[in-house]
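Trainee: I would like a close look at the main nonpolar core of this protein and at what surrounds it. Please start from the overall layout and work inward.

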Amino acid sequence: MLYITQLIYLKPGQEAIFDEFEAIALPGIPRYNGRLLFRLRPGNTADFIELHMEQPYEIHLVEFDSELDFKGYMQDETRKQFLHLKEQSIQSAVLIKGEKL
């Protein structure tokens, strides 16, 4: 299993565009042996026990059966057609790959 954690930071005022991209991108995960384990949108800094960085707009945890499945998802043609929405709405993102210990 490959686990992907993503911290997502949006451009101001681009929440609706981001939601539009997610509505297209997230349903494609299962086609590549993946599962969205959770999608968290912290409300404010009080949601964190400790916070020593900018608060992300959203946090995703996704698992894929393999690195190859994840790479397939990243190259999905439907997802790629709407990357302009991602680029328009996301200021930056941190992607962390891991495995279960």
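**The core and its surroundings**

Mentor: From the N terminus on, the elements of the protein chain follow the order β-α-β-β-α-α-α-β. That amounts to four helices and four strands. Bear in mind that this is a predicted model.

Start with the overall dimensions. The C-alpha trace spans about 35 × 35 × 15 Å along its principal axes. A compact globule of 101 residues would have a radius of gyration near 13 Å, and the 14 Å of the protein chain agrees with that. Of the 101 residues, 34% are buried. The accessible surface is about 6,300 Å², and carbon and sulfur atoms account for 56% of that surface. As for charge, there are 11 positive and 16 negative charges, and their mean positions lie 4 Å apart. Among contacts with a separation of 6 or more, 77% join residues 24 or more positions apart.

Now the core itself. In soluble globular proteins, nonpolar side chains tend to be buried together. Here the largest nonpolar core has eleven residues: Leu2, Ile4, Phe21, Ala25, Leu26, Ile29, Val62, Phe64, Phe70, Tyr73 and Leu85. At least two residues of this core come from each of β1 (2–10), α1 (15–25), β3 (58–64) and α2 (67–74). Ala25, one of the core residues, touches Tyr73 and Arg79 once residues up to four places away in sequence are set aside.

Next, a residue that contacts the core. Leu36 is in strand β2. Leu36 has 35% relative accessibility and therefore counts as partly exposed, since buried means under 20%. Beyond four places in sequence, Leu36 touches Leu26, Ile29, His60, Leu61 and Val62; Leu26, Ile29 and Val62 are listed among the core residues. Leu36 is also 33 residues from Tyr3 in sequence, with a C-alpha to C-alpha distance of 10.0 Å.

The loop between α1 and β2 (34–40) holds Asn33. Most residues other than glycine have a negative phi. Asn33 is not a glycine, yet its phi is positive, about 55°. With 37% relative accessibility, Asn33 counts as partly exposed.

Strand β1 also carries a polar residue to look at, Gln6. The relative accessible area of Gln6 is 19%, so this residue counts as buried; the cut-off is under 20%. Apart from neighbours within four places in sequence, Gln6 contacts two runs of residues: Glu58, Ile59 and His60, and then Ala93, Val94 and Leu95. Glu58, Ile59 and His60 fall within the range of β3 (58–64).

Finally, consider Ser89, in helix α4 (residues 83–89). Its relative accessibility is 0%, which means that Ser89 counts as buried. Ser89 and Leu10 are 79 residues apart along the chain, but their C-alpha atoms are separated by 5.8 Å. Neighbours within four places aside, the contacts of Ser89 are Leu10, Lys11, Gln14, Ile17 and Phe18. Of these, Leu10 lies in the range of β1 (2–10), while Ile17 and Phe18 lie in that of α1 (15–25).

How values were computed: Residues are numbered from 1 along each chain as its sequence is written. This is a predicted model: local features need pLDDT of at least 70, side-chain atom pairs count only at pLDDT 80 or more; totals for chains, interfaces and linings use all residues. Side-chain values use heavy atoms; hydrogens and water are left out. The radius of gyration is taken over C-alpha atoms; the globule rule is 2.2 Å times the number of residues to the power 0.38. Buried means under 20% relative accessible area, exposed over 50%, partly exposed in between (1.4 Å probe, protein chains only). Contact means heavy atoms within 4.5 Å. Accessible areas come from the Shrake-Rupley method with a 1.4 Å probe; for residues, only the protein chains shown count as cover. Lys and Arg count as positive and Asp and Glu as negative; His and the chain ends are not counted. The place of a charge is taken as NZ of Lys, CZ of Arg, CG of Asp or CD of Glu. A nonpolar core is a set of buried Ala, Val, Leu, Ile, Met, Phe, Trp, Tyr and Cys residues joined through side-chain atoms within 4.5 Å.
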